[in-house]
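Grab the viewer and a pencil: here are some exercises, each with a solution worked out in steps. Try each one yourself before reading on.

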Amino acid sequence: MESALAEELREIAQQSTTMKVHNEVPGGVHASGELEDSYLMNLHSRIASRVLLRMAAGGYKNENDIYDLTLAQPWEEWFSYDHTIRVDLTAVKSPLKSLEFTTLKIKDAICDRFLDQYKKRPSVDTKEPDMRIFGFVDAHQFIVYLDTSGEALFKRGWRNETGDAPLRENLAAGLLRVAGWKPGMPLFDPMCGSGTILCEAAQMVQGVPPGARRRFAFEKFHDFEASVWQDMKAAIKPNPLPAEPTIFGSDISGDMVAMARHNLRSAGILFDVPLKQIEAQQVQAPSAQPGILLTNPPYGERIGVRGDRSLPEDELASGFYADFSSTLKQRFAGWTVYLFTADLGVPKLLRLKESRKTPFFNGALECRLFRFDMVAGFNRREAAKPKE
């Protein structure tokens, strides 16, 4: 999602005179600015997982070099020994023998810095730390970051209930952006589950920033400017509520529909998002104007929620996709259909040729966002086919 994030950050940078967006790197985007710009990014970025502040970078030969570079940083200017800390380390092609030992050296360096100055040291709290420190090592370089976000940014502060395998909120936001959806365009998720895609889209329509309902690590920094932060939040201008629904959802499970409805309320959505309990194979286009159908179809066990569990999984999947394909061709002429899935054989099951496929990772799971353009001639061709 690096290019989607870079595009989003450039939009956020328009609200600042000091923020600049630089290059995309694997797993992230470099940006620079004043500390207040990190407030802005945390408040408004739907796609980022975290906003990390780079403290230092340097070459290393062994763990002692990493210890020395970490020890040299003025941690006391950012937080105190009363704060709890957690250290995480990521490595790519690093020659270091033990990441666990290196993580310990980073933690020791921070604690030793406080001991040297105050004869007191921060405690470690791996569950809910005040401050998170991230280290990154590749073959030659070590970078140490202080996290400005706290809990990962996909935790928007509204989700209480989830289904079996909910999408992360920032992944849903990334999918919406890559799909080219914009507020005002019809959007339909016929397998909405707990409603993550719908909630993200509805907040965008309403103009609710993703960080409006939660707290951040930067609020505990020594030089946190509460008045600047309050002004930033006060400057949020909600959009006028839509007169007609443009976002629609459905799911085979009544429990999921109830959960999606609950999550929309929790996310502060004040306008109607019509939801139906119906099988995906039975759905109709929810609006006369064609739009975007974006969904994360169930696979494997989840297809059998209301299906025939006596059938083998492959038969269940191929039957489901054959029926769903007919529905798309016959009832969704003019729509652009996006399916996000870890099952790379979905186009074959649908007997449709994708017009684009975008690789994504959902955690460690390699996925694809497949795009299918449902041209207006599909339904005529289907109707003309001899009946079996």
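**Exercise 1. How many cavities of 30 Å³ or more does a search of the whole structure find?**

Keep in mind that this is a predicted model.

Step 1. Searching the whole structure turns up 1 cavity of 30 Å³ or more.

Step 2. Now its size: the largest cavity has a volume of about 30 Å³.

Step 3. Look at the walls. The lining of the largest cavity consists of Asn42, Ser45, Leu153, Arg156, Pro210, Gly211, Arg214 and Phe216.

Step 4. Sort that lining by class, and you get 3 nonpolar, 3 polar and 2 charged residues.

**Exercise 2. Describe the largest pocket: its volume, its lining and the domains that contribute.**

Step 1. Start with the volume: the largest pocket holds about 2,000 Å³ of space. Its lining counts 48 residues, and Gly27, Gly28, Val29, Arg50 and Leu52 sit closest to the pocket centre.

Step 2. Ask which element gives the most to this lining. That's strand β2 (residues 28-32), with 5 residues.

Step 3. Split the lining of the largest pocket by class: 26 residues are nonpolar, 14 polar and 8 charged.

Step 4. Check the domains. Domain 1 (2-147) and domain 2 (169-212 + 240-374) each supply at least three residues to the lining of the largest pocket.

**Exercise 3. Why is cysteine 199 not bonded to cysteine 192?**

Step 1. Take the total: the structure has 0 disulfides. Cysteine 192 is in none, and the nearest cysteine sulfur to it, that of cysteine 199, lies 9.3 Å away.

Step 2. Bring in the cut-off: a disulfide needs two cysteine sulfur atoms within 2.5 Å. The sulfur of cysteine 199 has its closest cysteine sulfur in cysteine 192, at 9.3 Å, so the two are too far apart for a bond.

Step 3. Add the surroundings. Cysteine 192 is buried at a relative accessible area of 6%, and cysteine 199 is buried too, at 1%.

**Exercise 4. Trace the strand pairing around β11 and β13, and say how covered β11 is.**

Step 1. Get an overview: the chain has 11 helices and 13 strands.

Step 2. Begin with strand β10 (residues 292-295), which runs parallel to β11 and is joined to it by 4 bridges. Leucine 294 has tyrosine 338 of β11 as its bridge partner.

Step 3. Carry on from tyrosine 338, whose bridge partner in β13 is arginine 371. Strand β11 (residues 336-341) and strand β13 (residues 365-373) pair antiparallel over 6 bridges. Another of the bridges links leucine 339 with phenylalanine 370 in β13.

Step 4. Move on to strand β12 (residues 356-362): 7 bridges join it to β13, and the two run antiparallel. Here proline 359 has arginine 368 of β13 as its bridge partner. β12 and β13 make a hairpin with 2 residues between them, and glycine 363 in the turn has a positive phi of about 65°.

Step 5. Go back to β11 and check burial: 6 of its 6 residues are buried. One side carries Thr336, Tyr338 and Phe340, the other Val337, Leu339 and Thr341, and both faces are covered.

**Exercise 5. Find where lysine 119 and arginine 351 sit, and say whether each is buried or exposed.**

Step 1. Lysine 119 has a positive phi, near 60°, and is not a glycine. You'll find lysine 119 in the loop between α4 (99-118) and β5 (131-137).

Step 2. Check accessibility against the cut-off: exposed means over 50% relative accessible area. Lysine 119 has 66%, so it is exposed.

Step 3. Repeat for arginine 351, another non-glycine with a positive phi, about 55°. Arginine 351 lies in the loop between α10 (346-350) and β12. With a relative accessibility of 64%, arginine 351 counts as exposed.

**Exercise 6. Is isoleucine 143 buried or exposed?**

Step 1. Place the residue: isoleucine 143 belongs to strand β6 (residues 141-147).

Step 2. Apply the other cut-off: buried means under 20% relative accessible area. Isoleucine 143 comes in at 9% relative accessibility, so it counts as buried.

Step 3. Set that against the whole chain, where buried residues make up 49% of the 388 residues.

Notes. Residues are numbered from 1 along each chain as its sequence is written. This is a predicted model: local features need pLDDT of at least 70, side-chain atom pairs count only at pLDDT 80 or more; totals for chains, interfaces and linings use all residues. Side-chain values use heavy atoms; hydrogens and water are left out. Buried means under 20% relative accessible area, exposed over 50%, partly exposed in between (1.4 Å probe, protein chains only). On a 1 Å grid over the protein atoms alone, a cavity is a set of points where a 1.4 Å probe fits but cannot get out, and a pocket is an open set with protein on both sides within 12 Å along at least five of seven lines; lining residues have an atom within 4 Å of a point. Grid points are joined across faces, edges and corners, and a volume is the space filled by probe spheres set on the points. Ala, Val, Leu, Ile, Met, Phe, Trp, Tyr, Cys and Pro count as nonpolar, Asp, Glu, Lys and Arg as charged, and the others, Gly among them, as polar. Domain bounds come from an automatic or database domain assignment. Two strands pair if DSSP finds at least two bridges between them.
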